[in-house]
Amino acid sequence: MLTLNFSPFPKIVTERLTLREIDMGDVDAMFSLRSDERVMRYIGRPKAKEKSDSIELIERNIQDLKENTSISWAISLKDDHTLIGTIGYYRIKLEHHRGEVGYALHPDHWGKGIMCEALNAVTEVGFQQFGFHSIEGVTDPLNHASNRLLQRCGFIREGILKENYFWNGKFLDSAVYSKLAPKQ
Ligand SMILES: CC(C)(COP(=O)(O)OP(=O)(O)OC[C@H]1O[C@@H](n2cnc3c(N)ncnc32)[C@H](O)[C@@H]1OP(=O)(O)O)[C@@H](O)C(=O)NCCC(=O)NCCS
């Protein structure tokens, strides 16, 4: 069985980005992200309606991190501490050495290759530092940006789960992507 310890927090620096720990200073930026219709369209989770929703989300992130059950990074530009997006591993299956990656970026920054840069970095940490054997990405098949992003970052589309996700009164399909750890 894989064991994970997210302490000390694995901060990541890439060419243009800093991927850092999320804290209570991020409430406003998190609210701006999670209340945006364009961001939440395919996420299948409730939109933030009030600041308190974002406070709750960050508190949960902090708790999960402490318990080593999931990890989220704030995505910031290198020269600006503001949170512009998030990326992380959720629903980690320790017995299978497998993590599911999730991400969201504020629309002001879409289309510049930012999430691809973040995803490549987080994937490398997932394999090299955490010891994952595989990483999964699950999207709405209609979420072209997310599907393209995963393919661009070397994830393989494995198939479609038919109507496996009940959201807003509808049963939705899920596209499952995965990437295997490089062979040693
Ligand atoms: C999905 C998301 C993170 C992509 O972030 P991004 O930084 O704009 O993506 P990148 O610029 O790194 O682009 C990666 C690839 O996706 C493509 N892409 C980006 N937006 C696209 C769009 N709207 N439609 C089709 N392709 C798109 C890019 O062209 C690029 O592929 P290419 O190199 O072949 O051109 C962003 O659109 C987002 O936050 N969406 C809302 C949240 C969400 O849906 N999260 C995923 C839930 S599973």
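A polar contact here is a pair of N or O atoms within 3.5 Å. Keep that cut-off in mind as we walk through this predicted model, starting at the ligand.

A polar side-chain atom of Asn143 sits 2.8 Å from an oxygen atom of the ligand, inside the limit of 3.5 Å for a polar contact. The backbone joins in too: a polar backbone atom of Leu105 is 2.8 Å from a ligand oxygen. Trp110 adds its side chain, with an N or O atom 3.4 Å from an oxygen atom of the ligand. Overall, the protein covers 75% of the 930 Å² of accessible area that the ligand has on its own.

Let's widen the view to the shell around the ligand. Of its 20 residues, Leu105, Gly111, Gly113, Arg148 and Arg152 come nearest. By type, twelve residues of the shell are nonpolar, five are polar and three are charged. Strand E5 (98-105), helix H4 (114-128), strand E6 (134-139) and helix H5 (144-152) each contribute at least two residues, and H5 gives the most, with five.

Now follow those strands into the sheet. Eight strands make up an open sheet with mixed pairing, in the order E1-E2-E3-E4-E5-E6-E8-E7. At its edges are strand E1 (12-13) and strand E7 (156-167), each pairing on one side only. E6 runs antiparallel to strand E8 (residues 170-180), and the two pair over six bridges; Ser134 stands opposite Leu180 in E8. Helix H4, already met in the ligand shell, packs on this sheet, touching E1, E2, E3, E4, E5, E6 and E8. The direction of H4 makes about 35 degrees with that of E4.

Note on methods: Residues numbered from 1 in each chain as written. Predicted model: local features only at pLDDT ≥ 70, side-chain atom pairs only at ≥ 80, totals over all residues. Heavy atoms only, no water. Near = heavy atom within 4 Å. Polar contact = N/O pair within 3.5 Å; in protein donor to acceptor, adjacent residues only side chain to side chain. Areas by Shrake-Rupley, 256 points an atom, 1.4 Å probe, with all protein chains shown as cover. Helix = DSSP H or I, 4+ residues; strand = E, 2+ residues; numbered from the N terminus. Nonpolar A, V, L, I, M, F, W, Y, C, P; charged D, E, K, R; others polar. Pairing = 2+ DSSP bridges. Contact = heavy atoms within 4.5 Å. Axes fitted to C-alpha atoms, helices over the stretch in contact; angles between N-to-C directions.
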